[in-house]
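Please look through the structure shown here with its side chains displayed, and follow the contacts between them one by one.

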Amino acid sequence: KLISKADKLTKLSLTRWSADWKSATVLYEQAANGFRVARNYEKAKLAFEKASQGQEMLSSPWDAAKHMESAAALAKELRNWAEVIDFYRKASELYMQCDRPQPASDALAKGARALEDALPDDAIQLYTDACVILEDDGKEQMAFDLYRAATSVYVKLEKYTDAAAFLLRLGLAADKCNARNSQCKAYLSAIIVYLYAHDLKQAEKCYNDCSQIDAFLGSDQNRCASKLLSAYTEGDVEEIKRVAQSSAISNLDNVDHKACKKVAYW
């Protein structure tokens with residue numbers, strides 16, 4: 001009944017010459033919350049879409065974005081992945097209209113996390129776009145977890161070159177933020193990912209390139225990478241195992257540490 005009443009308020013007729021979006025939007029919001037409480041997710045999703053449209057018509061992109069995120073979360077519950085992508089992207093665009101890059105990036109990241117298992121390639125693209133928003137705003141440090149999340153998906157897909165490239169991107173971002181520890185860990189992780197892919201030549205090139213950077217050259221991570229490359233070149237399995245158990249590797253983040261531990265079992 002609320003939806004029907006709201007729809008009538010937005011349609012022009014002989015007796016209604018202008019749409020009453022203010023009153024209609026309140027009704028759409030009430031209907032959306034009611035449907036959500038009743039766990040009728042499909043109708044709740046549609047009502048939040050209409051509420052979002054209403055807030056746009058009222059020149060309130062922030063509230064429109066919030067409603068669009070609610071619609072996206074419901075689309076996730078319904079496993080409607082195409083709508084998850086569309087709604088979170090729309091929410092991100094609306095946040096950017098408010099000049100709020102952090103929530104805009106967060107919206108894309110939420111979509112990416114929802115899609116990791118179902119559509120990993122799309123998840124990576126959303127993570128990438130979320131990083132770009134923060135990079136363009138000079139807030140690279142806020143994107144560290146996003147770089148790592150994208151890397152994790154790349155590794156699951158066995159796209160090791162892409163994973164290493166994203167880790168190097170994290171290293172560059174960390175350099176801009178003077179986050180030396182994160183920078184060095186990212187470079188060591190990239191080298192290990194190349195080794196995990198059995199690409200010794202690229203691992204050595206990555207090590208040499210990263211060693212041109214002073215912060216990495218004198219670091220524990222550099223010494224660890226050097227020992228690991230030497231052991232791998234010589235086929236010294238025991239040395240590989242020993243290095244893989246070092247603190248420089250055990251202190252790495254998430255997927256990087258898991259990949260490193262697997263080095264010892266080649």
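In this predicted model, Glu140 is buried, with a relative accessible area of 9%, and a good place to begin is the partner of its side chain. Glu140 meets the side chain of Lys176 in a salt bridge, at 3.9 Å from N to O, and Lys176, at 56% relative accessibility, counts as exposed. The two residues belong to distant parts of the chain, since Glu140 lies in the loop between α7 (120–136) and α8 (144–156) while Lys176 lies in helix α9, 36 residues apart. Side chains of opposite charge can pair when their charged atoms come close.

The whole structure holds 15 salt bridges, and another of them joins Asp145 and Arg148 at 3.1 Å, N to O. Because these two residues are three apart in helix α8, about one helical turn separates them; Asp145 is exposed at 55% relative accessible area, whereas Arg148 is buried at 14%. A salt bridge also joins Asp220 and Arg223, at 2.3 Å, and both of these residues lie in helix α13 (residues 220–234), three residues apart.

Aromatic rings provide a further set of contacts, and a search of the whole structure finds six aromatic pairs. In one of them, the rings of Tyr160 and Tyr196 have centres 5.2 Å apart and planes at 85°, so the pair is edge-to-face, given that planes over 60 degrees apart count as such. Here too distant parts of the chain are linked, with Tyr160 in helix α9 (residues 160–176) and Tyr196 in helix α10 (residues 180–196). Tyr160 is buried at 16% relative accessible area, and Tyr196 is buried at 17%.

Methods: Residues are numbered from 1 along each chain as its sequence is written. This is a predicted model: local features need pLDDT of at least 70, side-chain atom pairs count only at pLDDT 80 or more; totals for chains, interfaces and linings use all residues. Side-chain values use heavy atoms; hydrogens and water are left out. Rings of Phe, Tyr and Trp (its six-membered ring) pair if their centres lie within 6.5 Å; planes under 30 degrees apart count as stacked, over 60 as edge-to-face and the rest as tilted. Helices (H or I, at least four residues) and strands (E, at least two) are DSSP runs, numbered from the N terminus. Buried means under 20% relative accessible area, exposed over 50%, partly exposed in between (1.4 Å probe, protein chains only). A salt bridge is a side-chain nitrogen of Lys or Arg within 4 Å of a carboxyl oxygen of Asp or Glu.
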